[in-house]
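The following account leads the reader through a protein model, from its charged pairs to its domain interface and its interior. The sequence and structure are shown first.

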Amino acid sequence: MRAGRGAWLDSRAMTQADLTHQRLVRAALELFTTTGYHLTTTPLIAKKAGVAEGTIYRHFASKQHLLNELYRAAGRWAVRLVKEADALKVGPREKLAELGRGLAAGAGREPAVAQLFFLQRHGDLLDDESGKVARDFRLGLESLIAQGKADGSVKPGVAEVWAAVWLGVVTLVIDRVTAKQWPENHAGVALALDAAWDAIAAARV
């Protein structure tokens with residue numbers, strides 16, 4: 001996810017078809033995260049994008065296909081943040097803190113993207129490829145937790161559990177930031193990230 005609106009999808013020079021595709025994506029993203037997937041109809045998406053309804057089907061096989069494309073794009077952003085945090089030459093606590101700050105910053109810049117991936121539940125609507133992106137994020141996060149277990153800074157136990165605990169607290173940050181209740185530099189962000197670490201940290205001796 002980059003600072004400019006729309007850059008999280010594609011920063012290349014775009015053709016008219018690309019621009020239409022992006023308008024549809026933006027319209028659907030806003031409607032899915034405000035009105036909800038089931039109440040969002042293809043005529044509503046087309047109207048918001050300023051195109052005929054039939055234009056949607058030149059770009060997407062169905063409304064569900066459109067949801068999955070959005071979900072995968074959001075998931076790839078989250079996976080990239082995990083990889084960037086993991087590449088840092090610091091300990092697990094600092095890597096997780098950097099990941100949390102990146103998620104908060106992204107939620108501030110592109111709230112609907114963060115909402116779609118972290119705050120909404122899509123269940124059977126997601127296809128196998130979307131499921132893989134979600135697993136990639138989860139496994140990347142669990143790898144950071146496992147590093148903490150290996151150096152003794154994270155409590156003993158299943159990495160999957162501690163990853164879920166950490167993410168549960170960080171999801172609160174994402175919720176507050178996307179709702180515009182907190183700016184990304186709000187004191188509550190740092191407090192919550194510290195609390196997320198404290199919830200999984202090994203006892204000090």
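A salt bridge is taken here as a side-chain nitrogen of Lys or Arg within 4 Å of a carboxyl oxygen of Asp or Glu. By that criterion, Asp194 and Arg93 form a salt bridge in this predicted model, with an N to O distance of 3.8 Å. The pair links distant parts of the chain, since Asp194 lies in helix α9 (residues 187-200) and Arg93 in helix α5 (residues 92-109), 101 residues apart. Asp194 is partly exposed, with a relative accessible area of 39%, and Arg93 is likewise classed as partly exposed, at 33% relative accessibility.

Across the whole structure, eleven salt bridges are found. One of the eleven joins the side chains of Arg72 and Glu129, at 3.7 Å from N to O. This pair also connects distant parts of the chain, with Arg72 in helix α4 and Glu129 in helix α7 (residues 128-150), 57 residues apart. The two partners fall into separate accessibility classes: Arg72 counts as buried because its relative accessibility is 9%, whereas Glu129 counts as partly exposed at 47%. A further salt bridge is formed by Asp175 and Arg176, whose closest N and O atoms are 3.0 Å apart. Asp175 is partly exposed at 31% relative accessibility, and Arg176 is partly exposed with a relative accessible area of 25%. Shared partners also produce a network of salt bridges, which joins Arg72, Asp127 and Glu129.

The domain organisation provides the next level of description. The domain assignment of the protein gives domain 1 (14-60) and domain 2 (64-199). Their contact takes 13 residues from domain 1 and 13 residues from domain 2, while their C-alpha centres lie 27 Å apart. Between them, the two domains bury about 1,200 Å², 71% of it on carbon and sulfur atoms. On the domain 1 side, Thr33, Tyr37 and Phe60 lose the most area to domain 2, together accounting for 46% of what that side buries.

Polar and charged interactions also cross this interface. One salt bridge is counted between domain 1 and domain 2, and four residue pairs are in polar contact across their interface. Helix α1 (residues 16-34) gives the most to the side of domain 1 that touches domain 2, with eight residues. By class, that side of domain 1 has eight nonpolar, four polar and one charged residues.

Three buried residues complete the picture. Ile174 lies in helix α8 (residues 159-178) and is counted as buried because its relative accessibility is 0%. Beyond its neighbours within four places in sequence, Ile174 is in contact with Leu103, Ala107, Ala114, Phe118 and Leu119. Ile174 and Gly108 are 66 residues apart in sequence, yet their C-alpha atoms are 8.4 Å apart in space.

Thr40 occupies the loop between α1 and α2 (42-49) and is buried, with a relative accessible area of 0%. Outside its neighbours within four places in sequence, the contacts of Thr40 are Leu31, Phe32, Thr35, Ile45 and Lys63.

Asn68 is found in helix α4 (residues 63-86) and counts as buried at 2% relative accessibility. The side chains of Asn68 and Ser130 are joined by a polar contact of 2.7 Å. With neighbours within four places in sequence left aside, Asn68 is in contact with Leu125, Leu126, Asp127 and Ser130.

Definitions and conventions. Residues are numbered from 1 along each chain as its sequence is written. This is a predicted model: local features need pLDDT of at least 70, side-chain atom pairs count only at pLDDT 80 or more; totals for chains, interfaces and linings use all residues. Side-chain values use heavy atoms; hydrogens and water are left out. Domain bounds come from an automatic or database domain assignment. Contact means heavy atoms within 4.5 Å. Buried area is the accessible area (1.4 Å probe) that two parts lose on being put together, summed over both. A polar contact is a pair of N or O atoms within 3.5 Å; within protein, one must be able to donate a hydrogen and the other to accept it, and residues adjacent in sequence count only if both atoms are side-chain atoms. Helices (H or I, at least four residues) and strands (E, at least two) are DSSP runs, numbered from the N terminus. Ala, Val, Leu, Ile, Met, Phe, Trp, Tyr, Cys and Pro count as nonpolar, Asp, Glu, Lys and Arg as charged, and the others, Gly among them, as polar. Buried means under 20% relative accessible area, exposed over 50%, partly exposed in between (1.4 Å probe, protein chains only).
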